[in-house]
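Reader: I am new to this structure and would be grateful for a careful, close look at one part of it. Could you choose a place to start and work outward from there?

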Amino acid sequence: MLFIFDMGGVVTSTFHMELLYEKLNMTKEDFFTICNCYGTHYFSDLETGKITSMQFWTLFNNKLGTIQHQMIEETNEQIQTLNFSKKFLIEKVPEIHTDLFRLFFHPSKNLQTIELIKELKKKHRVICGTNTIQSHWENHMERGDYSFFNQTYASNKIGVAKPDKEFFTTILEAENAIPEETFFTDDKEENCKAAAECKINSVHFTSAEELRKQWEKYL
């Protein structure tokens with residue numbers, strides 16, 4: 001049997017994006033509007049390894065500067081369609097010179113999940129299938145968080161991210177695994193649904209205790 005674990009929210013705590021939004025003086029919606037406006041997809045590109053973390057912030061600063069200039073000059077009607085929050089329109093957004101994704105990333109381990117991984121590894125192949133970015137990949141590597149697994153498949157390394165079904169088919173192909181004999185857990189329901197649509201046995205992660213109950217017969 002093959003068991004696939006998500007990392008953030010399952011094996012470790014997740015990145016608190018709220019700290020980033022607070023530093024930038026903007027809402028979540030404002031942040032992703034800047035990332036995605038005018039045909040750009042900066043965060044997606046970061047998550048699939050197309051750009052580095054510092055390249056992301058350079059692009060973000062440039063896009064932010066363009067938008068702010070257009071707002072001042074009132075030369076671009078498209079600004080009106082972006083629906084920025086009142087907070088963004090009033091408060092000054094600082095130019096970023098350091099990697100905030102790394103600065104605010106301090107994950108803690110879920111020891112109960114790690115113990116379950118260790119037990120499953122005695123009889124089965126256990127891997128990590130995670131959406132991540134360069135900064136967080138490096139941090140997890142330094143901490144040894146991926147060492148609990150036989151193998152790790154990270155979105156920034158394989159070039160595709162959950163919930164894209166290609167993420168799962170890529171892993172199945174690499175592992176020469178049969179979907180019906182593969183098990184997956186993730187704290188995001190949309191990712192579990194995508195895995196299930198690939199005929200992978202999928203469990204929405206709520207706690208290590210509940211996951212142990214679901215997979216107890218395989219221990």
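**From one loop into the interior**

Author: Tyrosine 38 is partly exposed, with a relative accessible area of 32%, where buried means under 20%, exposed over 50% and partly exposed in between (1.4 Å probe, protein chains only). The model is a predicted one, in which local features need pLDDT of at least 70 and side-chain atom pairs count only at pLDDT 80 or more, while totals for chains, interfaces and linings use all residues. Residues are numbered from 1 along each chain as its sequence is written, and side-chain values use heavy atoms, with hydrogens and water left out.

Tyrosine 38 sits in the loop between α2 and α3, helices being DSSP runs of H or I with at least four residues and strands runs of E with at least two, numbered from the N terminus. The phi of tyrosine 38 is near 60°, a positive value in a residue other than glycine.

Both helices beside this loop take part in the largest nonpolar core, a core being a set of buried Ala, Val, Leu, Ile, Met, Phe, Trp, Tyr and Cys residues joined through side-chain atoms within 4.5 Å. This core has 28 residues, and those with the most contacts inside it are Leu20, Leu24, Phe31, Phe56, Trp57, Phe60 and Phe101. Two or more of its residues come from each of α1 (17–24), α2 (28–36), α3 (42–47), α4 (53–73) and α6 (100–103), and the greatest contribution is that of α4, with five residues. Leaving aside residues up to four places away in sequence, phenylalanine 60 touches Leu24, Met26, Phe31, Ile34, Cys35 and Tyr42, a contact meaning heavy atoms within 4.5 Å. Apart from this core lies another, of 22 residues, among them Leu120, Trp137, Ala154 and Leu211.

Elsewhere along the chain, helix α11 (residues 189–197) has a buried side that includes Asn191, Cys192, Ala194 and Ala195. Seen down the helix axis, the buried residues of α11 fall within an arc of 160°, so they line one face of the helix; the arc is taken from the directions that run from the axis to the C-beta atoms. Glu189 and Lys193, on the other side of α11, are exposed. The cover over the buried residues of α11 includes α10 (165–175), β4 (182–186) and β5 (201–204).

Strand β4 holds aspartate 186, which counts as buried because its relative accessibility is 0%. The side chain of aspartate 186 makes a polar contact of 3.3 Å with the side chain of asparagine 191, such a contact being a pair of N or O atoms within 3.5 Å, one able to donate a hydrogen and the other to accept it, with residues adjacent in sequence counted only if both atoms are side-chain atoms. Not counting residues up to four places away in sequence, aspartate 186 touches Asp6, Val10, Lys162, Asn191, Cys192, Val203, His204 and Phe205. Lysine 162, in turn, is joined to proline 163 by a cis peptide bond with omega of about 5°, and proline 163 belongs to the loop between α9 (155–158) and α10.

The loop between α11 and β5 contains lysine 199, whose phi is positive, about 70°, although it is not a glycine. Lysine 199 counts as exposed because its relative accessibility is 57%.
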